[in-house]
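Biologist: Please take me through the labels on this model. I want the reasoning behind each one.

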Amino acid sequence: MSNDPADSQSEFKQFEAQLRKTEKKVAGEIDPGARAVVVAVAVLVAVVSLALPHTGSVNGFDVLSYNAAAQEAHVTITSRVFVYLVLIFGIVVSSLALVTRRWVLAWIALCGSMVSVVAGMLAWWTRTTPGLNAATGPDGRLLPPPGGIGAGLILGIVAMAVLAFHWARVVWSRNAYQLVLETQRREAAAREDERMRRLTDPTRHEDESGG
């Protein structure tokens with residue numbers, strides 16, 4: 001490296017620009033690594049959950065369209081919200097995040113998956129708890145909605161929980177890597193500032209050399 005302060009400063013600016021470019025790239029992208037396989041499997045499970053019975057013989061696609069079968073099974077709004085969240089965040093957004101590797105999509109998928117888990121538990125609760133218009137049994141007690149809980153609902157909740165966990169790990173790993181880059185840039189800037197002070201202060205440079 002040249003001892004000329006102007007040349008040294010130019011070289012450092014190029015180095016700092018490269019660090020900033022790398023930092024900006026990391027800020028907008030994710031690297032799921034081996035987790036990409038787990039996320040892809042969870043997305044596939046979410047798709048399968050829509051084809052399986054959500055309650056009784058009513059599957060997730062029936063709940064999405066809220067057809068006659070879903071209405072007859074007394075599917076509540078919580079079940080419909082959950083299935084829509086599975087479709088939007090568990091399948092569409094998660095797939096886009098995997099393909100594009102955009103950090104903002106991974107963050108949206110994380111938030112949506114967490115909300116989906118809560119909505120799924122509420123949907124589970126509404127399928128086992130009598131509603132306002134619940135039928136009355138022979139003993140006079142209110143009966144829960146017919147059909148109970150199907151395999152599709154259970155798989156959907158599991159898939160969204162897995163997606164929420166792994167998207168959280170992916171987003172956290174990205175943030176940790178970005179912090180390392182920022183630290184490296186600050187340390188490099190501090191070293192360059194110290195070196196420039198030595199070059200521009202002959203007295204200090206001679207004292208250190210003589211010592």
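Modeller: What follows is a set of short questions, each settled by a value and a cut-off.

Modeller: One caution at the start: this is a predicted model.

Biologist: What is the overall layout of the protein chain?

Modeller: The protein chain has eight helices and two strands. Along the sequence the pattern reads α-α-β-β-α-α-α-α-α-α. Of its 211 residues, 35% count as buried. The accessible surface comes to about 12200 Å², and 63% of that belongs to carbon and sulfur atoms.

Biologist: What share of the contacts in the protein chain links residues 24 or more positions apart?

Modeller: Among contacts with a separation of 6 or more, the share is 71%.

Biologist: Why is leucine 50 called buried?

Modeller: The relative accessibility of leucine 50 is 4%. Buried means under 20%. Therefore leucine 50 counts as buried. Leucine 50 lies in helix H2, residues 35–51.

Biologist: Which residues does leucine 50 touch, leaving out those up to four places away in sequence?

Modeller: Leucine 50 touches Asn59, Gly60, Phe61, Leu64, Val83, Val86, Leu87 and Ile91. Each contact means heavy atoms within 4.5 Å. There is also a C-alpha distance to quote: leucine 50 and alanine 151 are 9.8 Å apart in space and 101 residues apart in sequence.

Biologist: What makes serine 116 buried?

Modeller: Serine 116 has a relative accessible area of 0%. The limit is under 20%, so serine 116 is buried. Serine 116 is found in helix H6. Beyond four places in sequence, serine 116 touches Phe82, Leu85, Val86 and Met160. The C-alpha atoms of serine 116 and isoleucine 157 are separated by 7.6 Å, with their positions 41 residues apart along the chain.

Biologist: Why does histidine 166 count as buried?

Modeller: Histidine 166 has 13% relative accessibility. The cut-off for buried is under 20%, so histidine 166 counts as buried. Histidine 166 sits in helix H7, residues 151–200. Leaving out residues up to four places away in sequence, histidine 166 touches Arg35, Val38 and Val39.

Biologist: How do you know that tryptophan 103 and tryptophan 107 form a stacked pair?

Modeller: A pair of aromatic rings is described by the distance of the centres and the angle of the planes. The count comes to one aromatic pair. In that pair, tryptophan 103 and tryptophan 107 are 5.9 Å apart centre to centre, with 15° between the planes. Pairing needs centres within 6.5 Å, and stacked needs planes under 30 degrees apart. Both values pass, so the pair is stacked.

Biologist: Why are tryptophan 103 and tryptophan 107 about one helical turn apart?

Modeller: Because they are four residues apart in helix H6, residues 103–128.

Biologist: Are those two rings buried or partly exposed?

Modeller: Tryptophan 103 is partly exposed at 22%. Tryptophan 107 is partly exposed at 38%. Partly exposed runs between 20% and 50%, so the label fits tryptophan 103 and tryptophan 107.

Biologist: What makes you say the charged end of arginine 80 sits over the ring of tyrosine 66?

Modeller: The charged end of arginine 80 is 4.2 Å from the centre of that ring. The distance limit is within 6 Å, so the distance passes. Arginine 80 is found in helix H5. At 25% relative accessibility, arginine 80 counts as partly exposed. Beyond four places in sequence, arginine 80 touches Val63, Tyr66 and Val75.

Biologist: Which residues make the nonpolar surface patch?

Modeller: Tyr84, Leu87, Ile88, Val92 and Leu96 make the patch, about 390 Å². Valine 92 lies in helix H5, residues 77–100. A patch residue needs over 30% relative accessible area. Valine 92 has 43%, so valine 92 passes that cut-off and counts as partly exposed.

Biologist: What is the phi of histidine 74, and where is histidine 74 found?

Modeller: Phi is near 60°, a positive value in a residue other than glycine. Histidine 74 is found in the loop between helix H4 and H5. Its relative accessible area is 49%, and exposed starts over 50%, so histidine 74 is partly exposed.

Biologist: Where is arginine 101 found?

Modeller: Arginine 101 is in the loop between H5 and H6. Arginine 101 has a positive phi of about 60° although it is not a glycine. At 36%, arginine 101 is partly exposed.

Key
Residues numbered from 1 in each chain as written. Predicted model: local features only at pLDDT ≥ 70, side-chain atom pairs only at ≥ 80, totals over all residues. Heavy atoms only, no water. Buried < 20%, exposed > 50% of the residue type's maximum accessible area, 1.4 Å probe, protein only. Patch = residues over 30% accessible without salt bridge, like charges linked within 9 Å, V, L, I, M, F, W, Y side chains within 5 Å. Areas by Shrake-Rupley, 256 points an atom, 1.4 Å probe, with all protein chains shown as cover. Salt bridge = Lys/Arg side-chain N within 4 Å of Asp/Glu carboxyl O. Phe/Tyr/Trp six-rings, centres within 6.5 Å; stacked < 30°, edge-to-face > 60°. Lys NZ or Arg CZ within 6 Å of the ring centre and 35° of its normal.
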